[in-house]
Amino acid sequence: MTDREQLDERAAELVDREIRLRQQTDAGEIIDLADYKKRSRRAFLSFGALGAAGILGFRWVQNRPEDESIPDVLRAALDRNESLWTALERDGARARTFSISDREDIRINGRHGLENSSRELIQVEADEAATWEISLTGVGGATLDPIPLSSIRSDFEVHDMVWEHKCIEGWSNIVHWTGVRVSDVLDRYAPGEMGAAWSVLRTPPETDNGSVRRDYSSAIENYTMMHPQTLFAWALNGDELTAGHGSPIRIVTPLKYGIKQLKRIGSIEFTDDRPTDYWTERGYDLHAGF
Amino acid sequence: MAVSTTVDQADGSDPGEVMTDDVGLMDPDEVVAKKKHPLALRWMHWVNFPVLMIMIWSGMRIYWADLRDPYAIGIADWQVFEFWPDSVNSALVLERRLAKGLAFHLTFGWFFVINGALYGLWLLRKGRWRYLVPDVQGVRDAGKTVLHDLHLRKTRPPQGKYNPAQQLTYSAVLAISTLLVLTGFAIYKPVQLSFLLTILGGYDFARFLHFSMTIALLVFFGIHLIQVARSGWRNFASMITGYFTQTRREASPEPDVSELVAVGNRSDDAEREEVTS
């Protein structure tokens, strides 16, 4: 093929391409101006109506009565989301774990349930920790035998787990927890309650060093409580928990945001009714899970 | 090989055939309206606009809650712009609204997902993705469109429904939106969708992608508004009515094969009629 022929061929291709491109717009229906004006009026009226409906709809959502601090329709949407994700839940789904050398420092973020009336962190001394108990309330309100902290620390297999701790504010840190599986403990102390849907964990209203300014609570689905990566933990990054991180015992799980991982557990109540908790009452998703 | 033969083969018929008789009898200067945007496209476009506004606004409320303000434009310690300045936070009522931000974001996100899925299906079903995705020549020509828009070049490259720069931009917006949805889901359900999180480079990186794609979308939105303003009222109205008003002559182009052949021989530097986009 000569250069000339190659050029001709390239030119033919470009012409071909341009004709194809033009066909994209050539096929459009053509109407006269009178017809256009009619259709245009209708289209603009519809557009205006839709725009108005959009604005009114948005204001309607914003002005709905609040259900736990957010418009009720948004609360319903959050619950619906969670039904969907629960239905999609894969058995055995595990959060990614890391090696201990990956662990990072983590700041104290939430102090709810840990402060006295002058907003100082309440310390739990060794003697109080030695006799610490998590009180249990069964479905229907029956008081069960409490879980002694000494039992948690000595009667079960100890696990060290490293995962990414995620805050609902957006930040995350890889942290290393030491503790025992909640499922192991509850299998012994509350075997009859595991058919219930929820656990509600609460900080103790009173400690030896004073009363708590603002009680904190966290509701967790029991399928998450019983997950093998959900722990009662007493050490963070190899050190005993400080007051700000929830001494003497807290719950941790990589399946929930930090707001659910209650520090300094005082009591657990089992319930089948949809519960609420500190942050849910303040507008957050009850489930707040991954 | 004769060029005219190629043209006939490509088309199968005289492209002007349908119109020739009608146009012959009609005033070529009469203003008529020609269908430009199908109804489905207009619906999806205009539903997307408020949904995206709600998503960006509620997303900014969520971002505000991370008091570190982790993202900024700059090099090392030298920050040109921090997301977001206090003035923006207070003007858009972003402060201390994390719970409501999340509630709106995780509700209205579904509308964005559904609308986007419908659009994707529609593009595939109607074959419209061909209008949108540039071919190799289109990618080469995109810069020429930009130069033409900046008045640095007299001619504009050949185009179909969208010019090459539009094709590149709109394709990028499609990719950005897809990435936004994927990173959104990955940071929303990082355990259940852990495979997605891994593909997207982990929690922190997925979060960074989610944020930067939003900024990219805002940049697009700015350019889009400027271009719409430049293109004038008839173009804007066509996104609402579906029809673009023009003279009958403009509406019924009779591709002149000899002109196109000449165009082809002159490569793509030929003078062309203005096609408003």
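## Chains A and B in questions and answers

Q: Which residue in β1(B) does D32(A) stand opposite?
A: Helices (H or I, at least four residues) and strands (E, at least two) are DSSP runs, numbered from the N terminus. Two strands pair if DSSP finds at least two bridges between them; β1 (residues 30-32) of chain A and β1(B) do so in the antiparallel sense, over three bridges. In β1(B), the residue opposite D32(A) is V32(B).

Q: Which pLDDT do local features need in this model?
A: Residues are numbered from 1 along each chain as its sequence is written, while chains are lettered from A and ligands numbered from 1 in the order in which they are written. pLDDT is the predictor's confidence in each residue, from 0 to 100. The model is predicted, with totals for chains, interfaces and linings using all residues, side-chain atom pairs counting only at pLDDT 80 or more, and local features needing a pLDDT of at least 70.

Q: What is the radius of gyration of chain A?
A: Chain A has eight helices and 15 strands. For its 290 residues the globule rule gives 19 Å, and the value for chain A is well over that, so the chain is more spread out than a compact globule. The rule is 2.2 Å times the number of residues to the power 0.38, and the radius is taken over C-alpha atoms. For chain A the radius of gyration is 30 Å.

Q: What percentage of the residues in chain A is buried?
A: A residue is buried if 20 or more other C-beta atoms lie within 10 Å of its own, exposed if 12 or fewer, and partly exposed in between, with C-beta atoms placed from the backbone. Along the principal axes, the C-alpha atoms of chain A fill a box of roughly 95 × 60 × 40 Å. Of the 290 residues in chain A, the buried share is 37%.

Q: Which helix supplies the largest share of the side of chain B that touches chain A?
A: Two residues are in contact if their C-beta atoms, placed from the backbone, lie within 7 Å; 55 residues of chain B are in contact with 56 residues of chain A. Elements that each supply at least two residues of this side of chain B include α3 (39-64), α5 (98-126) and α10 (202-231). The largest share, eight residues, comes from α5(B).

Q: How many bridges join β6 and β7 of chain A?
A: β6(A) and β7(A) form a hairpin with five residues between them, and in the turn G170(A) has a positive phi of about 125 degrees. V158(A) stands opposite V180(A) in β7(A). The strands, residues 158-166 and 172-181, run antiparallel, and the number of bridges is nine.

Q: How far apart are the end C-alpha atoms of α8 in chain B?
A: The expected span of a helix is 1.5 Å times one less than its number of residues. Helix α8(B) has 25 residues (164-188), and its end-to-end distance agrees with the expected span. Among its buried residues are L168(B), L180(B) and I187(B). The end C-alpha atoms of α8(B) are apart by 36 Å.

Q: Is F111(B) buried, partly exposed or exposed?
A: F111(B) lies in helix α5 of chain B. F111(B) and L52(B) are 59 residues apart in sequence, with 9.3 Å between their C-alpha atoms. With 16 C-beta neighbours inside 10 Å, F111(B) counts as partly exposed.

Q: In which element of chain B is confidence lowest?
A: The mean pLDDT of chain B is 84, and 82% of its residues reach 70 or more. Over residues 1-21 of chain B the pLDDT is below 50, though this stretch has 30 contacts beyond near neighbours in sequence. Where pLDDT is low, the predicted coordinates should not be read in detail. Confidence is highest in α5(B), at a mean of 96, and lowest, at 39, in α1(B).

Q: Which residue is joined to S247(A) by a cis peptide bond?
A: Most peptide bonds are trans. Omega of this cis bond is about 5 degrees. The partner of S247(A) lies in the loop between β13 (239-240) and β14 (250-252) of chain A. The residue joined to S247(A) is P248(A).

Q: What is the phi of N237(A)?
A: N237(A) sits in the loop between β12 (231-236) and β13 of chain A. With 17 C-beta neighbours inside 10 Å, N237(A) counts as partly exposed. N237(A) is not a glycine, yet its phi is positive, at about 50 degrees.
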